[in-house]
Amino acid sequence: MAAVSKYLTARNSSIAGGVLLVLYVLKQRRRTSQLNRYVVGACITCIFMSTCWSFLQKESKKDRAAVDKLFLLRICRILRIMTPRLLCMETGYLLLIAVMLVIRTYCDVWMIQNGTMIESSIINRDSRLFKQHFYPYIAVIPVIALVNNFLKLGINELKLRFRERLTQHLYDQYLQGYTYYKMGNLDNRIANADQLLTQDVEKFCNSVVDLYSNLSKPLLDIGLYIFKLTSAIGAQGPACMMAYLLISGLFLTRLRRPVAKMTVTEQRYEGEYRYVNARLITNSEEIAFYNGNLREKQTIYATFQKLVDHLHNFIFFRFSMGFVDSIIAKCKHIVINFDQGLILCMALLTLMLVGNNGMILLLFLLLLLPPATTDIATGVGYLVVSRPFLDLSHPRHLHTKQSELMEDYYQSGRMLLRLSQALGRIVLAGRELTRLSGFTSRIAELMKVLKELNMGKYERTMVTQQEKEPGSRSEKLVLVPGSGRVINADNIIKFDHTPLATPNGEILIRDLTFEVMSGTNVLVCGPNGCGKSSLFRVLGELWPLFGGELTKPERGKLFYVPQRPYMTLGSLRDQVIYPDTLEAQNRKGISDQVLKEYLDNVQLGHILEREGGWNTVQDWMDVLSGGEKQRMAMARLFYHKPQFAILDECTSAVSVDVEDFIYSHCRTVGITLFTVSHRKSLWKHHKYYLHMDGRGNYEFKPITEETVEFGS
């Protein structure tokens, strides 16, 4: 200790303490840096995993189409639409199909038993037994043909009635109010409503009925053949087949999962392809003026190529799935199985014994046999049916003659073969079920969007605050679609602190306030994009109100006349009274002579004689010139006599004298006008002007002698 203590001086102790302190600090820093790396790494890992998880959740929600609980809820909801009552024609056809399937199953069993007896009588050379079973066989053929055709009738009628019910329900929602407009212009969840309402509805209904018929028959076959086979060869054989059904069904269902999503994608691409073709037809004149055929061809080819690439992938996927299906459930080959080979041997034997007549008869029976099937399901059937026959000590066949053994084998073997085929069809029905889930997903999405649009809800990509310029006036204004209040009142239009905004949240005017009473015509003007059309869309309730109050008459008391008037399909009378029908015209007590006066008011009376009368049907969009269509739209305005009319450059192709008479006549019949026009000749027909500058400002002032210039 003394030797050690002499080194424990104050200096040495200070040095040692400093060294230890430095080592401790370095060690702590190293541990801290490692801990920080661990913490940072863990944070990065957590962020990455959470991002991946949210992405996977988002992907699973998007285009979700699988055979699961959600699919069952959707299909039950749609089935309640297609079969609205317990006692209806659809239920009757469902019962008809079920009854015909039951009868056909019993016919199959009878044919197996009777055919076995016919073959046994031939082998035993028993002509009496042959006639006893052959004549009923011939007599039953027309009955089976009638059953099959009744089954086809029920299936086809059920498909049509399901389509009729579902189509009517969807169009009731689609054409309720302005939903058809909102789906294409406000909501961006569904881009191809025409594809959904036509092709997808048809494919969905066909798939539902086919699945019902394709499942009902195998299920009936399974129940009946299990009962028959259990009494014949015991319960072990059918139990093995059912176990095979369960295992193979689960395996194939797992493999077929991508089919539903690929079906949804296929229908979406089909809709896009239809849309670009319809768009080319609709805008053919404008495209021709621009010589845009090459550009449009590129667009159509690009859209078509997306569809083709997807269909190629789908074909190869179905090829791989078909290979597995062929092994497991349904591969058909032209092979000679045991019973067909035995029939050929019997034919040769009979030829030697009874001559050519017997040979012809046996060849006829051979042609009646169904094609042989070879797959695992059939192989399992052979293994099961062979056990009682190959087991020499089996009590069932200890004292059985050869002919009885042959009859027993035929009957049991064919029943088990039919059972295996039924099990195979049920396994393969999973493929159709997966495809049906894709159509169900699209129909359910359409129904959801229609319901929400009818409730005033829509989803659209909104203009966010980050997209606005910093410090802009509209930066702090929060827009909520539908938060404004609409008040219905006659003879007044009043905007009270109402923001004028587009459906995606772009503010055109922050606070719009003005009031117009009946008899006060207003001229609306301003540059393009300032909000003129937006004002009328809000006024017509096409666009939602983002705040404030709007007082206006009911929809039927407002009338809109666009620059390019719409000519409906139908007669000349229909062009004047649209959207009324002839029955509605008669209820209003307006005669054809009065309609003739409306045409005379717009100098269009000669059309009646030129086209051959009120009931003449033409393609009026092509028959009438631009000016004639605009004047026809004004005659339509006089027919309806609304409280307020919105005239959107609707007299641009009309001469000044006719235009002057039209505006004077509107004042005479008491129609108050909102006119979009820059013609100075129209000032005298209006008391006020509403000028929008396109920068969020507006003026609502009377037109006086001092009003020198306004508009664009």
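1. Start with residues 92–113: this span is 100% helix and 0% strand, and its end C-alpha atoms sit 32 Å apart. Keep in mind that you're looking at a predicted model.

2. Residues 134–151 are worth a look next. Here too the chain is 100% helix and 0% strand, with 26 Å between the end C-alpha atoms. Both spans carry the UniProt annotation "transmembrane region", which comes from an unreviewed entry and also covers residues 6–26, 38–56, 225–252 and 342–369.

3. Now find Glu445, which belongs to helix 15 (residues 402–454). Leaving aside residues up to four places away in sequence, Glu445 touches Arg189 and Ile190. Ile190 is 255 residues away from Glu445 along the chain, yet their C-alpha atoms are separated by 8.5 Å. Glu445 counts as partly exposed because its relative accessibility is 30%, and that class lies between buried (under 20%) and exposed (over 50%).

4. Further along there's an open sheet of six strands, in the order 6-9-10-4-11-12 and with mixed pairing. Its edges are strand 6 (558–561) and strand 12 (698–702), each of which pairs on one side only. From one strand to the next, the twist averages 15°.

5. Inside that sheet order, check strand 9 (residues 644–648) and strand 10 (residues 672–676): they run parallel and are joined by five bridges. If you want a spot to zoom in on, Asp648 stands opposite Val676 in strand 10.

6. Last, there's a helix to place against the sheet. Helix 22 (residues 626–640) lies across strand 6 and strand 9, and runs at about 175° to strand 6.

Key:
Residues are numbered from 1 along each chain as its sequence is written. This is a predicted model: local features need pLDDT of at least 70, side-chain atom pairs count only at pLDDT 80 or more; totals for chains, interfaces and linings use all residues. Side-chain values use heavy atoms; hydrogens and water are left out. UniProt positions are given in the numbering used here, feature names are shortened, and annotations may be inferred rather than shown by experiment. Helices (H or I, at least four residues) and strands (E, at least two) are DSSP runs, numbered from the N terminus. Buried means under 20% relative accessible area, exposed over 50%, partly exposed in between (1.4 Å probe, protein chains only). Contact means heavy atoms within 4.5 Å. Two strands pair if DSSP finds at least two bridges between them. Axes are lines fitted to C-alpha atoms, for helices over the stretch in contact, and angles run from 0 to 180 degrees between N-to-C directions.
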